[in-house]
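Visitor: Could you walk me through this one? I'd like to go from the overall fold down to single side chains.

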Amino acid sequence: MLNMLLLGSDIDVKIKSVATGRLDQGNWFRHAIGWKMIYNEMLETWGSLVEWIKYLNRGDLSDIQPGKSGFFSGLKDFLLFDIDWQKL
């Protein structure tokens, strides 16, 4: 998705994996926290896509930081998992 948004620019995106405690690139799917992280990232990605489409339709950016309005902040609190990073 990021590569698609950066088409035509001189920016090169490189993927780097970062070990997070017990989770790494080879075993993240064996832990509930790994699945929660994937779920959260997917919701964030779809939310960004909606904001991008809104920008394309309006042609300007909102004065409020994306995801920080009262409605969207409450929706994120409801839908996203609260991941306890200390347990990793």
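Guide: Here come a few questions and answers on the fold, the surface and the aromatic rings. One thing up front: this is a predicted model, where local features need pLDDT of at least 70, side-chain atom pairs count only at pLDDT 80 or more, and totals for chains, interfaces and linings use all residues. Residues are numbered from 1 along each chain as its sequence is written, and side-chain values use heavy atoms, leaving out hydrogens and water.

Visitor: What order do the elements of the protein chain run in from the N terminus?

Guide: Helices here are DSSP runs of H or I with at least four residues, and strands are runs of E with at least two. The protein chain has three helices and zero strands. From the N terminus, then, the order reads α-α-α.

Visitor: What share of the residues in the protein chain is buried?

Guide: Buried means under 20% relative accessible area, exposed over 50%, and partly exposed in between, with a 1.4 Å probe and protein chains only. The chain has 88 residues, and the buried share is 11%.

Visitor: Which residues form the aromatic pair?

Guide: The structure holds one such pair (ring centres of Phe, Tyr or the six-membered ring of Trp within 6.5 Å). Its planes sit at 65° with centres 5.1 Å apart, making it edge-to-face (over 60 degrees; under 30 is stacked, the rest tilted). The partners are Tyr39 and Phe81.

Visitor: How many residues apart in sequence are the parts that this pair ties together?

Guide: Tyr39 is partly exposed at 34%, and Phe81 is partly exposed at 39%. Tyr39 lies in helix α2 (residues 32-58) and Phe81 in the segment after α3 (70-79), so the parts tied together are 42 residues apart.
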